[in-house]
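Please open the model in your viewer and keep the sequence panel beside it. The tour below moves from one selection to the next and says what is found at each stop.

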Amino acid sequence: MKNSLTIALLTLVLAPALASAQPTVEVIIDGQPQQQQPPPPEPREPFLEDDDGRAVGGYMAYGNGFRLSQLSFRFDEGSEIAGVNGMDLQVPDRVNVGGFGFGFGYRPLPWLRLPEIRFRLGGGDAQTEWAPMAGSAGLEARADRVLVGSVDLVIGFELPLRKVTPFLRGYATAGFASVRADVRHAELGALGSERAVDGWVGAGVEAGFNIMFHEHLGLTVAYRHGLYGPETSGAFIGLAILGDD
């Protein structure tokens, strides 16, 4: 009975020390058995990134629809072709626009991206049939091509899952659209080209993901949809840049 009590007390006292002690491995060195401790286990990588704020940036190639009919195009009073000053230009309802852009911003938290400024410039075919210009004698105009430039303010949320980062962002945008038009006269023939310009604002959302193939570089693929303004749905692909933490 006394021996059993002693063994129980020793077990209670030595149990924490035995639990914290690392196991040993017996190896043979020069014919002599020796005991060595195994290396500690490697730490597991976190499922989510845990870092401080980082600078972000990127380059993109994009394509989307653009409703020119929501804008008003009128030739300036200073147009070189006499007779078109102040005249309205007929444009197609919708055109496809493609171009390039770049942006830069900040990611204060691994899941929060704001603010980001993005610049875009693109163009597309806006050709229409010859149409008489209202209020002019014998003048006709035909829209040819459109040039679109814009500045976006982007704010979004993302989920940094190691190599893949899904994201959902909202954007507000402001820009200009410039349509080049050919002008001719029924009797004099071709008179040259003029441009009609109008400004626009819009807003929308974009959803996609980054695939990081390097600590600071990755591939971005996203879908973009306009909720307000002349822009409609589109997509873009580009290079994602992530600064040091």
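Is Glu231 buried or exposed, judged by its relative accessibility? Select Glu231 and show the surface around it: at 7% relative accessibility, Glu231 counts as buried, because the cut-off for that class is under 20% relative accessible area. Please keep in mind throughout that this is a predicted model.

**A salt bridge between S5 and S11**

With Glu231 still selected, add Arg120, with which Glu231 forms a salt bridge whose closest N and O atoms are 2.9 Å apart. Glu231 belongs to strand S11 (residues 231–242) and Arg120 to strand S5, so the pair ties together parts of the chain that are 111 residues apart in sequence. Arg120 also counts as buried, at a relative accessibility of 4%. To see what this pair belongs to, extend the selection to Arg107, Arg113, Glu116, Arg118, Asp152, Glu158, Arg169, Glu206 and Arg224, which are linked with Arg120 and Glu231 in a network of salt bridges.

**The whole chain**

Now zoom out and switch to a cartoon view, in which one helix and eleven strands can be traced. Followed along the sequence, the helix comes before the strands, in the pattern α-β-β-β-β-β-β-β-β-β-β-β. Of the 245 residues in the chain, 36% are buried, and the accessible surface comes to about 14,600 Å², with 61% of that area belonging to carbon and sulfur atoms. If you draw contacts between residues with a separation of 6 or more, 65% of them are between residues 24 or more positions apart.

**Strands S3, S4 and S5**

Next, colour strand S3 (residues 54–66) and strand S4 (residues 95–107), which pair in the antiparallel sense over 13 bridges. A useful place to check the register is Ala61, which stands opposite Phe100 in S4. Moving on from S4 to S5, you will find another antiparallel pairing, this one over eight bridges, and here Gly105 stands opposite Glu116 in S5. The connection between S4 and S5 is a hairpin that passes through four residues.

**Phe119 and its neighbours**

Stay in S5 and select Phe119, which is found in this strand at residues 112–125. With a relative accessible area of 33%, Phe119 is partly exposed. Leaving aside residues up to four places away in sequence, Phe119 touches Phe100, Gly101, Phe102, Phe104, Ser150 and Val151. For one of these, Val151, a C-alpha to C-alpha distance can be drawn: Phe119 and Val151 are 4.7 Å apart in space, although 32 residues apart in sequence. Show the rings of Phe102, Phe104 and Phe119 together, since ring pairs link these residues into a cluster.

**Rings that stack, and charges over rings**

The structure has four aromatic pairs in total. For a stacked example, select Trp111 and Phe157, whose rings have their centres 6.1 Å apart and their planes at 5 degrees. Trp111 lies in the loop between S4 and S5, whereas Phe157 lies in strand S7 (residues 139–158), so the pair ties together parts that are 46 residues apart in sequence. Trp111 is partly exposed, its relative accessible area being 43%.

Two arginines are worth viewing against rings as well. Arg118 lies over the face of Phe236, at 5.5 Å from the ring centre, while Arg169 lies over the face of Phe167, at 3.7 Å from the ring centre.

**Further salt bridges**

Finally, return to charged side chains, of which a search of the whole structure finds 17 salt bridges. Select Arg74 and Asp88, whose side chains meet in one of them at 2.7 Å, N to O; both residues lie in the loop between S3 and S4, 14 residues apart. Arg74 is partly exposed, with a relative accessible area of 44%, and Asp88 is likewise partly exposed, at 43%.

The last selection is Arg184 with Glu140, whose side chains meet in a salt bridge at 2.7 Å, N to O. Arg184 sits in strand S8 (residues 164–185) and Glu140 in strand S7, so the pair ties together parts that are 44 residues apart in sequence. Arg184 counts as partly exposed, at 30% relative accessibility.

Methods
Residues numbered from 1 in each chain as written. Predicted model: local features only at pLDDT ≥ 70, side-chain atom pairs only at ≥ 80, totals over all residues. Heavy atoms only, no water. Helix = DSSP H or I, 4+ residues; strand = E, 2+ residues; numbered from the N terminus. Buried < 20%, exposed > 50% of the residue type's maximum accessible area, 1.4 Å probe, protein only. Contact = heavy atoms within 4.5 Å. Areas by Shrake-Rupley, 256 points an atom, 1.4 Å probe, with all protein chains shown as cover. Pairing = 2+ DSSP bridges. Phe/Tyr/Trp six-rings, centres within 6.5 Å; stacked < 30°, edge-to-face > 60°. Lys NZ or Arg CZ within 6 Å of the ring centre and 35° of its normal. Salt bridge = Lys/Arg side-chain N within 4 Å of Asp/Glu carboxyl O.
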